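Subject: Structure for you to look at

Hi,

Here is the structure I said I would pass on, with my notes underneath. Have a look at it first, then read on.

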Amino acid sequence: GSLGPAALVDECLAFLSLEVGEDTHQILGELAAQGGDLHFGSDDERKASRDRIGQMLRSIAASREYQFA
């Protein structure tokens, strides 16, 4: 299976029960798009996807909306 960049952002935000402003959402989407889709077929793909999910969660945690939630 795979997960697109927009879905990565939305799923991570949902996991954290956080809503962000349009500007922040766009920045997160651009960051996610740099890596393309996440894939989970092989061990290497799952590890790379886990790393990118962690990076996205850290990016969200650094956002103004998270800091002041």
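The largest nonpolar core is made of 11 residues: Leu8, Val9, Cys12, Leu13, Leu18, Val20, Leu28, Ala32, Leu38, Met56 and Ile60. Bear in mind that this is a predicted model. Three helices each put at least two residues into this core, namely H1 (5-15), H2 (22-33) and H3 (43-61). H1 is the top contributor, giving four residues.

If you want one core residue to click on, try Ile60. Setting aside residues up to four places away in sequence, Ile60 touches Cys12, Leu13, Leu16, Leu18, Leu28 and Tyr66.

On to the overall layout. The chain has four helices and two strands, and along the sequence they run β-α-α-β-α-α. Its C-alpha atoms fill a box of roughly 40 × 15 × 15 Å along the principal axes. For 69 residues, a compact globule would be expected to have a radius of gyration near 11 Å, and the chain comes out at 12 Å, which agrees. As for burial, 25% of the 69 residues count as buried. Take the contacts between residues at least 6 apart in sequence: 67% of them join residues at least 24 apart.

Most of my notes are about H3, so here they are together.

How does the span of H3 compare with what its 19 residues should give at 1.5 Å a residue? The expected span is 27 Å and the end C-alpha atoms are 27 Å apart, so the two agree. The buried residues of this helix are Ser49, Arg52, Gly54, Met56 and Ile60. Between them, the buried residues of H3 pack against H1, H2, strand E2 (38-39) and helix H4 (64-67). Met56 and Ile60 are also in the core described above.

Arg52 is the one I'd like you to look at. It sits in H3 and is buried, yet has no salt bridge. Which side chain of opposite charge is nearest to Arg52? That is Asp37, 7.1 Å away, whereas a salt bridge needs the side-chain nitrogen within 4 Å of a carboxyl oxygen. Asp37 does still turn up among the contacts of Arg52, next to Leu8, Ala32, Gly35, Gly36 and Leu38, once neighbours within four places in sequence are left aside. Of those, Leu8, Ala32 and Leu38 belong to the nonpolar core.

Ser49 is another buried residue of H3. Its relative accessibility is 3%, which is why it counts as buried. Leaving aside neighbours within four places in sequence, Ser49 is in contact with Leu38, His39 and Phe40. Leu38 is thus on the contact lists of both Ser49 and Arg52.

Now the salt bridges. How many are there? The count comes to two.

One pairs Arg46 with Asp43, with the closest N and O atoms 2.3 Å apart. Both residues lie in H3, three residues apart, or about one turn of the helix. Arg46 is partly exposed, with a relative accessible area of 30%, while Asp43 counts as exposed at 57% relative accessibility.

The other pairs Asp51 with Lys47, and here the closest N and O atoms are 3.0 Å apart. These two are four residues apart in H3, so about one helical turn separates them. Asp51 counts as partly exposed at 42% relative accessibility, and Lys47 is partly exposed as well, with a relative accessible area of 44%. The spacing in both pairs fits the usual helix geometry: an α-helix has 3.6 residues a turn, so residues three or four places apart point the same way.

Last, a couple of spots in H2. Glu30 is found in this helix and is partly exposed, its relative accessible area being 44%. From Glu30 to Ser49 is 19 residues in sequence and 17 Å in space, C-alpha to C-alpha. Ala33 is in H2 too, and is partly exposed with a relative accessible area of 46%. Ala33 and Ala62 are 29 residues apart in sequence and 18 Å apart in space, again C-alpha to C-alpha.

Over to you, and shout if anything is unclear.

Cheers

Key. Residues are numbered from 1 along each chain as its sequence is written. This is a predicted model: local features need pLDDT of at least 70, side-chain atom pairs count only at pLDDT 80 or more; totals for chains, interfaces and linings use all residues. Side-chain values use heavy atoms; hydrogens and water are left out. A nonpolar core is a set of buried Ala, Val, Leu, Ile, Met, Phe, Trp, Tyr and Cys residues joined through side-chain atoms within 4.5 Å. Buried means under 20% relative accessible area, exposed over 50%, partly exposed in between (1.4 Å probe, protein chains only). Contact means heavy atoms within 4.5 Å. The expected span of a helix is 1.5 Å times one less than its number of residues. Lys and Arg count as positive and Asp and Glu as negative; His and the chain ends are not counted. The radius of gyration is taken over C-alpha atoms; the globule rule is 2.2 Å times the number of residues to the power 0.38.
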